[in-house]
Amino acid sequence: MSAAAKKDGDKEGGRWLGGMNKGNCTCTKTKCLKLYCECFSGGKYCNDDCVCASCHNSLEHDMEGGARYEAMSYILFRKPDAFDEETRKRLIPKDPKTKVGGKKLDDKIPSSAGKTKGKAGRPKKNANQARIKLAASRHEAIEFFADEYPQLAIDEQRDYSELAGAFTKPLFEEPSRPLEIAYSQQKKLDYEKKIAEQKKVDMAKECQQFREKLQEKKLALSLANDEVKECNKKLGAWTRKVFDLELEESCEWNKNYQKLSAFKQQYGKIPSRKSQDEEEKSLSVWLDSVRHEKNVGDDDQKKSNATKRSIDDHPHRLQSLEVLGVKMGRRKDNSFETMLQKLLEYKEEHGTLRFPSDDLCEKSKDLELQALQKWVKVQVLNFRSRKTNPDEIRKLRDIGFSFEKWCLSKPKRTAKKRGPSKQDETPESTDVTENMVV
């Protein structure tokens, strides 16, 4: 068709039937419904000067349900600041899933328009809330004064929540001023309600996700606990096997332990250091060395030598000795009755309550003797300080203990340059009289 034929041809709504004109815009594939169309983005209709094909940017498509109206509503939803103020006021933003002409109007439209972004530019979960809020801001309620419109006063004493979803659309297209104000107030609150509902939905989804994750973590924790129990069971079995095999290995400690076990099975007692039998005495010395090793490990927690081995590092050895009735380390039971019983045993064994001197006690390396001597000294000091219980004093006197005749050790005086006296000729074995009870 020639230009003259087009000029003389039939027109419909100011548009050529052929769909081709010379003018401002030159759209050929988008029906002039995209923002890069100068006429469409400016809020104007295409005119006879435009060179466009299959144009829908005309008055006949600018009604509710029309292609132009729907396209602009969709763009306003995604980009609330599009178009001029007059156009924004008469349009209602619609959901981006709205279809026009059988196709979605989301191609080549900025997807970030109206969205709020989080880290790394990703849209937040409440992006839909933000779009609803932005759309609601374009439909602000009309401000008014209660004195000017008394009929708009709200009864806040009664609850009309059941009517929140009853309103669908305005009944009057040209309402009175009070009704127009009421329409605007109702529309604004309707948008606020949508925001709150969307927030509620998002929170419910997050709570559900948290509950599901919590159940998953609980299940994983239960499985981990079962795995730990199973590992402990197997590890304990192998540890027991290692301990048993270590006690069977050939070494000096295991040989002494086997001798001790045979002695206990034959005589039913623990070897004593005061025995005349050399084998029994050697076993007793070995037990004292084991006790001393444990005591050193207890007292010196910060060892100077990191490679130093202690009996505490091998608990199965301690357990094996305890099974035989060996009591390791210092006596923790230092009660009065226990120590009194030890003092009686000492008297029955030695026939006296006289104790060796401090030096001889230390040289003997008898831990029980040293502990008993220190306990007796404490009782004497408490008696002299009047701190001892009268019942305890009576019990000590009943076994022949004399507080008055107990002599505490005194520092030795330097010998004067003179001839030997009778006291100097006293043999070293008589040093037991330094600390004694008569």
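The following legends describe close-up views of a predicted model. Local features are reported at pLDDT of at least 70 and side-chain atom pairs at pLDDT 80 or more, whereas totals for chains, interfaces and linings use all residues. Residues are numbered from 1 along each chain as its sequence is written, and side-chain values use heavy atoms, without hydrogens or water.

**View A. The largest nonpolar core contains 21 residues.** A nonpolar core is a set of buried Ala, Val, Leu, Ile, Met, Phe, Trp, Tyr and Cys residues joined through side-chain atoms within 4.5 Å. Relative accessible area under 20% counts as buried, over 50% as exposed, and in between as partly exposed (1.4 Å probe, protein chains only). The residues with the most contacts inside this core are Cys25, Cys32, Cys37, Phe40, Cys46, Cys52 and Phe83. Helix H2 (38-41) and helix H3 (67-78) are the elements that give two or more residues to the core, and H3 gives the most, with seven residues. Helices are DSSP runs (H or I, at least four residues), numbered from the N terminus. Beyond its neighbours within four places in sequence, Cys37 is in contact (heavy atoms within 4.5 Å) with Cys25, Cys27 and Cys32. Another core, of 18 residues, lies apart from this one and includes Leu343, Leu369, Val376 and Phe401. In soluble globular proteins, nonpolar side chains tend to be buried together.

**View B. Helix H3 is mostly covered.** Twelve of the twelve residues of H3 are buried, among them the charged residues Arg68, Glu70 and Arg78. From its first C-alpha to its last, H3 reaches 17 Å, close to the expected 16 Å; the expected span is 1.5 Å times one less than the number of residues.

**View C. Two loop residues, Ser54 and Phe83, have positive phi values.** Most residues other than glycine have a negative phi. Ser54, in the loop between H2 and H3, has a phi near 50 degrees and is partly exposed at 48% relative accessibility. Phe83 has a phi near 65 degrees and lies in the loop between H3 and helix H4 (85-90). With a relative accessible area of 11%, Phe83 is buried.

**View D. Helix H6 (residues 177-248) holds the salt-bridged pair Asp190 and Lys194.** A salt bridge places a side-chain nitrogen of Lys or Arg within 4 Å of a carboxyl oxygen of Asp or Glu. For Asp190 and Lys194 the N to O distance is 4.0 Å. Asp190 is partly exposed at 27%, and Lys194 is partly exposed at 38%. Arg240 and Asp244 form a further salt bridge, with their closest N and O atoms 3.1 Å apart. These two residues are also four residues apart in H6, about one helical turn. Arg240 has a relative accessible area of 37% and Asp244 one of 34%.

**View E. A salt bridge joins Asp358 and Lys377.** The closest N and O atoms of this pair are 2.7 Å apart. Asp358 lies in helix H11 (residues 358-364) and Lys377 in helix H12 (residues 367-384), so the salt bridge ties together parts 19 residues apart in sequence. Asp358 is partly exposed at 22%, whereas Lys377 is buried at 19%.

**View F. Asp62, Arg68 and Arg90 are linked in a network of salt bridges.** Of these residues, Arg68 is one of the buried residues of H3. The count of salt bridges comes to ten.
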